[in-house]
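Please open the structure in your viewer and keep the selection tool at hand. The tour moves from one selection to the next and says what is to be found at each stop.

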Amino acid sequence: IYTGYTFENEWVIQVLHDNEYISLYKNNTRLLKQTGDYVKAGESVAITGSEGDKSSNKFFYFEIWKKGNPINPQDMITFRF
């Protein structure tokens, strides 16, 4: 539902899901989707990383929101590290 560049978060993409959930992906180096594109489960939407700049302190940010309220992603997704 949104793709764009901000000075604070670099390349940002927001994806609308069923049941009014929105996932946000911030500090990307390149977006693979544009506003209005359909995204299938498991499909990549962006590339993140410092593109070779090992001195960068940039981190990838992932958020989930429902009806304007933030949701802890760990309450919904099993992360394997």
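## First stop: Lys26

Select Lys26 together with Glu63, and a polar contact appears between the two side chains, at 3.0 Å. Please bear in mind throughout that this is a predicted model, and that the distances and areas given here are computed from it.

The two side chains, those of Lys26 and Glu63, also meet in a salt bridge, with 3.0 Å from N to O. Because Lys26 lies in strand E3 and Glu63 in strand E5, the pair ties together parts that are 37 residues apart in sequence. As a general point, side chains of opposite charge can pair when their charged atoms come close.

Is Lys26 buried or exposed? Its relative accessibility is 16%, so Lys26 counts as buried, whereas Glu63, at 22%, counts as partly exposed. The cut-off that matters here is that buried means under 20% relative accessible area.

Now show the surroundings of Lys26, leaving out residues up to four places away in sequence: the residues that Lys26 touches are Asn9, Trp11, Val12, Phe59, Phe60, Tyr61 and Glu63.

## Second stop: the strands around E5

Colour strand E3, residues 21-31, and strand E5, residues 61-66, and you will have a pair that runs in the antiparallel sense over six bridges. Lys26 belongs to strand E3, and its bridge partner in E5 is Tyr61. In general, the side chains of a regular strand alternate between the two faces of the sheet.

Next add E6, residues 69-71, which pairs with E5 in the antiparallel sense over three bridges. To see where these two strands face each other, select Ile64, which stands opposite Ile71 in E6. Then move to the hairpin of E5 and E6, which has two residues between the strands, and select Lys67, which takes a positive phi near 50° there.

## Third stop: Lys33 and Glu43

How many salt bridges are there in the count? The count comes to two, and Lys33 with Glu43 forms one of them, the closest N and O atoms being 2.9 Å apart. Both residues sit in the loop between E3 and strand E4 (46-48), and the pair links parts of the chain that are 10 residues apart. Lys33 counts as buried because its relative accessibility is 15%, while Glu43, with 33%, counts as partly exposed.

## Fourth stop: a patch on the surface

Switch to a surface view and select Met76, Ile77, Phe79 and Phe81, which make a nonpolar surface patch of about 460 Å². Within this group, Ile77 lies in the segment after strand E6, and because its relative accessibility is 33%, Ile77 counts as partly exposed.

## Last stop: the protein chain as a whole

Finally, clear the selection and look at the protein chain in a cartoon view, where there are six strands and zero helices, in the pattern β-β-β-β-β-β when read along the sequence. Of its 81 residues, 22% count as buried, and the accessible surface comes to about 6,400 Å², of which 50% belongs to carbon and sulfur atoms. If you display contacts between residues at least 6 apart in sequence, 33% of these join residues at least 24 apart.

Methods:
Residues are numbered from 1 along each chain as its sequence is written. This is a predicted model: local features need pLDDT of at least 70, side-chain atom pairs count only at pLDDT 80 or more; totals for chains, interfaces and linings use all residues. Side-chain values use heavy atoms; hydrogens and water are left out. Patches are made of residues with over 30% relative accessible area and no salt bridge: like charges are joined within 9 Å, nonpolar side chains (Val, Leu, Ile, Met, Phe, Trp, Tyr) within 5 Å. Accessible areas come from the Shrake-Rupley method with a 1.4 Å probe; for residues, only the protein chains shown count as cover. A salt bridge is a side-chain nitrogen of Lys or Arg within 4 Å of a carboxyl oxygen of Asp or Glu. Helices (H or I, at least four residues) and strands (E, at least two) are DSSP runs, numbered from the N terminus. Buried means under 20% relative accessible area, exposed over 50%, partly exposed in between (1.4 Å probe, protein chains only). Two strands pair if DSSP finds at least two bridges between them. A polar contact is a pair of N or O atoms within 3.5 Å; within protein, one must be able to donate a hydrogen and the other to accept it, and residues adjacent in sequence count only if both atoms are side-chain atoms. Contact means heavy atoms within 4.5 Å.
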